[in-house]
Amino acid sequence: MDKVKAKKHLGQHFLNDENIAQKIADALTLDGYKKVLEIGPGMGVLTKYLLEKPIDTYVIEIDTESVEYLQNHYLKLSNKIISKDFLKYNINEVFEGEPFAIIGNFPYNISSQIVFRTLEMRDQIPEFSGMFQKEVAERICEKKGSKVYGILSVLTQAFYDTEYLFTVSEHVFTPPPKVKSGVMRMRRKENYKLPCDEKLFFNVVKTAFNQRRKTLRNSLKSFNMSDNLREDSIFDLRPEQISVEQFIELTQKIAADGV
């Protein structure tokens, strides 16, 4: 097999620019882990540069045609190709609790889900980098006050330092997507345990942004807060005006309300 045909239902757009592939691979700092998992390697344009690094490279690929191609062209990946769906597979069947980084040219249709899955496994994933639709990469890295600042921004930045690295033209893919792409990196914070109830924090952030045009006093009504707490000036603001640190403080206040 000389080539894999991109499949629309899998959101495949194969990168064909070697320089960009090298730059994405070089985004890894290799700090705090000895293994890396590439999601959706396709024909291995990024994989080949990962295999040059002093790190154990694993790939996870749902497309059986791509798996066959990788098996035939990348002998170094022997026994390190996982033919599964990352969103459904228990990766610890392979990694057994060890820390690992995630990298990839992510399918746009599931890229946000990949980030949320990473957040669930944050204890094990010190670093994450890769290519998204440009708007999604920007949203992950955006700070308060922006229209694109949202759930993804707050939840990732609560646990990771995020950095938008560079933009990629649609013309370096086969087939070309209809939008530009962006490469970003997330590095887990040294102290990433939140000083509040993490489940409540997730709930507060998601509830607030689900009605992002409303003030917090209105969007967070379902939390049945006391009149005293509802008078706090933070409730005059809309969610995009609230920093990650303020969301943590808000969660602490809601948890302590009425105690």
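Start with the cysteines: in this predicted model, the search for disulfides comes up with zero. As a reminder, a disulfide is a covalent bond between the sulfur atoms of two cysteines. Pick out Cys-141 and you'll find a buried residue, with a relative accessible area of 13%. Now jump to Cys-196, which also counts as buried, at 15% relative accessibility.

**Stop 1: the largest core**

Keep Cys-196 on screen and add Phe-201, since the two are in contact. What else does Phe-201 touch, not counting residues up to four places away in sequence? Select Val-154, Leu-155, Ala-158, Leu-194, Val-244, Phe-247, Ile-248 and Thr-251 and you have the rest of the list.

Phe-201 belongs to the largest nonpolar core, a set of 55 residues. Together with Leu-220 and Phe-247, Phe-201 touches the most other members. Which helix gives the most to this core? Select residues 198–210: that's helix H8, and seven of its residues take part. There is also a second, separate core, made of 21 residues. To see part of that one, try Ile-20, Tyr-33, Phe-166 and Val-183, which are among its members. In soluble globular proteins, nonpolar side chains tend to be buried together.

**Stop 2: helix H11**

Next, select residues 244–256, which make up helix H11. The helix has 13 residues and reaches 19 Å from its first C-alpha to its last, close to the 18 Å expected at 1.5 Å a residue. Color Val-244, Phe-247, Ile-248, Leu-250, Thr-251 and Ile-254, the buried residues of H11. Then turn the view until you look straight down the axis of H11: the buried residues fall within an arc of 160°, so they line one face of the helix. An α-helix has 3.6 residues a turn, so residues three or four places apart point the same way.

What do those buried residues pack against? Show helix H7 (151–159), H8, helix H9 (216–219) and helix H10 (227–230), and you have the partners of H11.

**Stop 3: the annotated sites**

Over to the UniProt record, an unreviewed entry, which places a "binding site" feature at His-13, Leu-15, Gly-40, Glu-61, Asp-85 and Asn-105. Let's visit two of these.

Leu-15 sits in strand E1 (residues 14–15). Is Leu-15 buried or exposed? Buried, with a relative accessible area of 8%. Leaving aside neighbours within four places in sequence, the contacts of Leu-15 include Ile-20, Ala-21, Ile-24, Val-45 and Asn-105.

Follow that last contact to Asn-105, in strand E5 (residues 101–105). Asn-105 is buried as well, with a relative accessible area of 18%; the cut-off for buried is under 20%. Besides Leu-15, Asn-105 touches His-13, Ile-39, Gly-40, Leu-46, Met-131 and Phe-173, again skipping residues up to four places away in sequence.

**Stop 4: the annotated domain**

The same kind of record, again from an unreviewed entry, labels residues 20–190 "domain: Ribosomal RNA adenine methylase transferase N-terminal". Select that span: the C-alpha atoms at its ends lie 29 Å apart, and the span is 30% helix and 25% strand.

For a last pick, choose Val-115, in helix H5 (residues 111–120). Val-115 is buried, with a relative accessible area of 0%. Leaving out neighbours within four places in sequence, Val-115 is in contact with Phe-128, Phe-132, Ile-140, Leu-152 and Thr-156. Finally, set a C-alpha to C-alpha distance between Val-115 and Met-131: they are 16 residues apart in sequence and 12 Å apart in space.

Definitions and conventions:
Residues numbered from 1 in each chain as written. Predicted model: local features only at pLDDT ≥ 70, side-chain atom pairs only at ≥ 80, totals over all residues. Heavy atoms only, no water. Disulfide = S-S within 2.5 Å. Buried < 20%, exposed > 50% of the residue type's maximum accessible area, 1.4 Å probe, protein only. Core = buried A, V, L, I, M, F, W, Y, C linked by side-chain atoms within 4.5 Å. Helix = DSSP H or I, 4+ residues; strand = E, 2+ residues; numbered from the N terminus. Contact = heavy atoms within 4.5 Å. Expected span 1.5 Å × (residues − 1). Arc of directions from axis to C-beta. UniProt positions renumbered as here; feature names shortened; annotations may be inferred.
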